[in-house]
Structure formats: structure tokens, C-alpha cells
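Hi, thanks for sending this one over. Here are my notes, as numbered points, to read with the structure open beside you.

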Amino acid sequence: MKETVAIAHPNFALVKYWGKKDSNQNRPAMSSISVTVDSMISKTKIFKNIQSNHHQLFINGKEESDLSKILPPLEYLSEFSGTDEYLVIESQNNFPTSSGLASSASGIASFVTAYEAHYNLCLDINHKVEASMLGSGSAPRSLIGGFVFMDHKDNYRCSQILKEPEWPLDVLICIASKEPKKISSREGMRASKKTSPIYQDWLDINHKHIDLALNAIKTKNMAALENVAEENCKLMHEVMKTSIPSISYMTDVTYSCLSEIENLRSLGHKLLYTIDAGPQVKIICDPTSSEIIKNRIIETTDVIDIIHAGIGGPPEIINES
């Protein structure tokens, strides 16, 4: 029986989106810029389900009853494949799932990549972006390696700003907790859009932050990227905090990491941080400083682990035999 396996990497947004323009189509309300990371992997295998007449999804070996993220991209892609056969979808992550590490983005991107190859579809990037977005608003960015720009003003076109070797930075993912988050990103976004008094300010600043980040990445200006990425991160978390109910994903461990980051900066290390909808702190730094930064964070905080990564590439089809 034919099986197809794909891997994809998560991406971390430097200019983030938080809020949907269209919940039915899962479309972000703003543009975003991200970096793909290499050592974190979602691996997805698909094959025909000959045991039952419905789709089955397994994540890290456990069957999921909620197929709400996978069915919309699957149904969209089936229009191109012309098949109505049911699939078994087995996805595994080598990093904590549903804990603010973009596992949905890499999981959906790996599924779309596997499905396209399984049915020999040869889709263009726009159709793959559309399929991925139906599952996760940030998944289209995981279809492309390096630094990625997703432009909501241009029908969510995704383009590569820099390829992975062009600015060889390290990414240190500080794991503050491995527990699944209590409030999903989708729930949080709905609450913020409806109730945060500064949500419109968040929308209004997006274009400025995009322009600043694009210029910083193209010129490889770490200080400029630090300024805009951290301002954007702080504003997003302020939007969450001012929502009803108030949303906070950060923990004491998160804050201790931020405190140590300031100490490391005072010692001359070049780095920036970002935090998504979870407690984990992602540090982007010059490779010459990464071991010092990593060791200091481990010594001075209660982080569970630090994943040491580099800039990642696009999804791949792999042969497991």
C-alpha cells in the first residue's frame, strides 16, 4: 500500500499576526514575517484507510477526535486530487505539541506537502498557501525556508526574504513548560478581536512593523530587527492582556529568561527574543554567542530544556524504507 511521508519545520513570527480577518477561511487580519527553524520537525505520513470509512488523525501516536484543523485543507486538496478515499494521517513532532512552538504550522505544512506528493498534484505555491491556511493561519510560512513574508494585502502571498544560508543565525528555544496551553490561539484571537481596547492599534501598527522588519532582514541589521521584533511581541501580549478574559501565556520562567536576556545584552551579546502564544522564549543570536547564552540561561533560570536550532529550509518528502 502506498505511503507518503513529509517533514516540515515550524516557523516563529518576528512580526506577528493575532486575530482573524475571516474566521471561516482562517485568514489572518494582518501581514507577518517569520523565521523557519531547522532542528524542530513535524513528520506526517499518509496512506489510504482500508479499515474504516472515515479519516483518522494520529498525533504522536494518539488518535485525535477533533479533526477541525485537518479537514478543511484535506477537503480543499481533494478538489485537485479528485479522490474521495479516506486517509490515515499520522503526524509526529520531535518537540512539545500545542505549547506555543508552532506545531500546528509545521504539522499542517507537512500534511499538505505529503498530500500533494501522494497524489502527484504539482500545485503552485498559491494553492499550497490556501490549503495550509485553512488548517493554520501561520502554516503557509512553513512552506518556505529562511525568513518569510506573508502579505495579507496581496492575497496572503508568501515570499522568501532571505534564504537560510544568507544570514546564518542560531535560534535557541527556551522551554519554560511542556504542558499544552489552556487557551488555544484561535480562542485567544477571537477574544482579543472582540474585547481588547487596543486591538485597532495593533492592526494599525502592522504596516510600519512589516516595513521596519523587511529592511532589517534585508540589510542583516540585528539591532534594527531586535527593536521591531521585540516591540511587536510586547504589543501582541499587551493585546492579549487587555482582552476579556485577560490572556497571559507567560510564566515565571518566561520572565526569568527575559531578565537574563537583558543581562546578556549588557555583556555585549547580540540577540533578540520573541514569544508567541505560549510560555516559551525564542532567542535569535549570532552563532558566536549561542553557547554562552545557552549556558547562562540554563544556569540562571528554571528552563526545562533549550533546543538549539539554526535557520530551516522548506518541507521535504522523505523515504522511510
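1. Let me start with K69. Please keep in mind that this is a predicted model. K69 belongs to the loop that connects β8 with α1 (71–81). Its relative accessibility is 36%, so K69 counts as partly exposed. Beyond its neighbours within four places in sequence, K69 is in contact with S104, I108, L134, G135 and R186. One of these partners, I108, is 39 residues away in sequence, yet the two C-alpha atoms are 8.2 Å apart in space.

2. Next, the sheet that β8 belongs to. Six strands make up an open sheet with mixed pairing, in the order β8-β7-β9-β6-β1-β16. Its edges are β8 (62–64) and β16 (316–318), each of which pairs on one side only. From one strand to the next, the twist averages 25°.

3. Following the sheet inward from the β8 edge, β7 and β8 run antiparallel and are joined by three bridges. Together they form a hairpin with two residues between the strands, and N60 in this turn has a positive phi of about 55°. You may want to look at L57, which stands opposite E64 in β8 and has I89 as its bridge partner in β9. The pairing of β7 (residues 56–59) with β9 is parallel, with four bridges.

4. On to the neighbouring pair. Seven bridges hold β6 (residues 42–48) and β9 (residues 87–93) together in the antiparallel sense. Within this pair, K45 is matched with E90 of β9. Helix α2 (residues 103–118) lies across β1 (3–8), β6, β9 and β16, and runs at about 40° to β6.

5. Now the aromatic residues. How many aromatic pairs are there? The count comes to five, taking ring centres that lie within 6.5 Å. In one of them, the rings of Y115 and Y119 have centres 4.6 Å apart and planes at 45°, so the pair is tilted. Ring pairs also bring F111 together with Y115 and Y119 in a cluster. Y115 is buried, at a relative accessible area of 1%, and Y119 is buried as well, at 17%.

6. Two lysines deserve a look for their placement over rings. K181 lies over the face of Y249, 5.7 Å from the ring centre. The charged end of K282 sits over the ring of F12, at 4.8 Å from its centre.

7. What about the nonpolar interior? The largest nonpolar core has 32 residues, and I33, F147, I173 and L225 have the most contacts inside it. Elements that each supply at least two of its residues include β2 (11–15), β5 (32–36), β10 (147–151), β12 (170–175) and α6 (222–241). The largest share, five residues, comes from α5. There is also a second, separate core of 22 residues, with L77, V112, L121 and A139 among them.

8. F147 is a good place to zoom in on the largest core. Not counting residues up to four places away in sequence, F147 touches eleven-odd spots worth browsing, including L14, V35, I161, W167, L169, I217 and I311. Polar residues are on that list too, among them S34, S159 and Q160.

9. Is Y199 buried or exposed? At 6% relative accessibility, Y199 counts as buried. Y199 sits in helix α5. Its contacts, leaving aside neighbours within four places in sequence, are W18, G19, K20, A29, M30, S192, K193 and V239. By contrast, R141 is 58 residues away along the chain, and its C-alpha atom is separated from that of Y199 by 23 Å.

10. Last, the β13 and β14 hairpin. The two strands, β13 and β14 (residues 281–285), run antiparallel with four bridges, and six residues join them in a hairpin. L272 of the first strand stands opposite I284 in β14. Which residues of β13 (residues 271–274) are buried? L271 and Y273 on one side and L272 and T274 on the other are all buried, so both faces of the strand are covered.

How values were computed:
Residues are numbered from 1 along each chain as its sequence is written. This is a predicted model: local features need pLDDT of at least 70, side-chain atom pairs count only at pLDDT 80 or more; totals for chains, interfaces and linings use all residues. Side-chain values use heavy atoms; hydrogens and water are left out. Rings of Phe, Tyr and Trp (its six-membered ring) pair if their centres lie within 6.5 Å; planes under 30 degrees apart count as stacked, over 60 as edge-to-face and the rest as tilted. Buried means under 20% relative accessible area, exposed over 50%, partly exposed in between (1.4 Å probe, protein chains only). A charge sits over a ring if NZ of Lys or CZ of Arg is within 6 Å of the ring centre and within 35 degrees of the ring normal. Two strands pair if DSSP finds at least two bridges between them. Axes are lines fitted to C-alpha atoms, for helices over the stretch in contact, and angles run from 0 to 180 degrees between N-to-C directions. Contact means heavy atoms within 4.5 Å. A nonpolar core is a set of buried Ala, Val, Leu, Ile, Met, Phe, Trp, Tyr and Cys residues joined through side-chain atoms within 4.5 Å.
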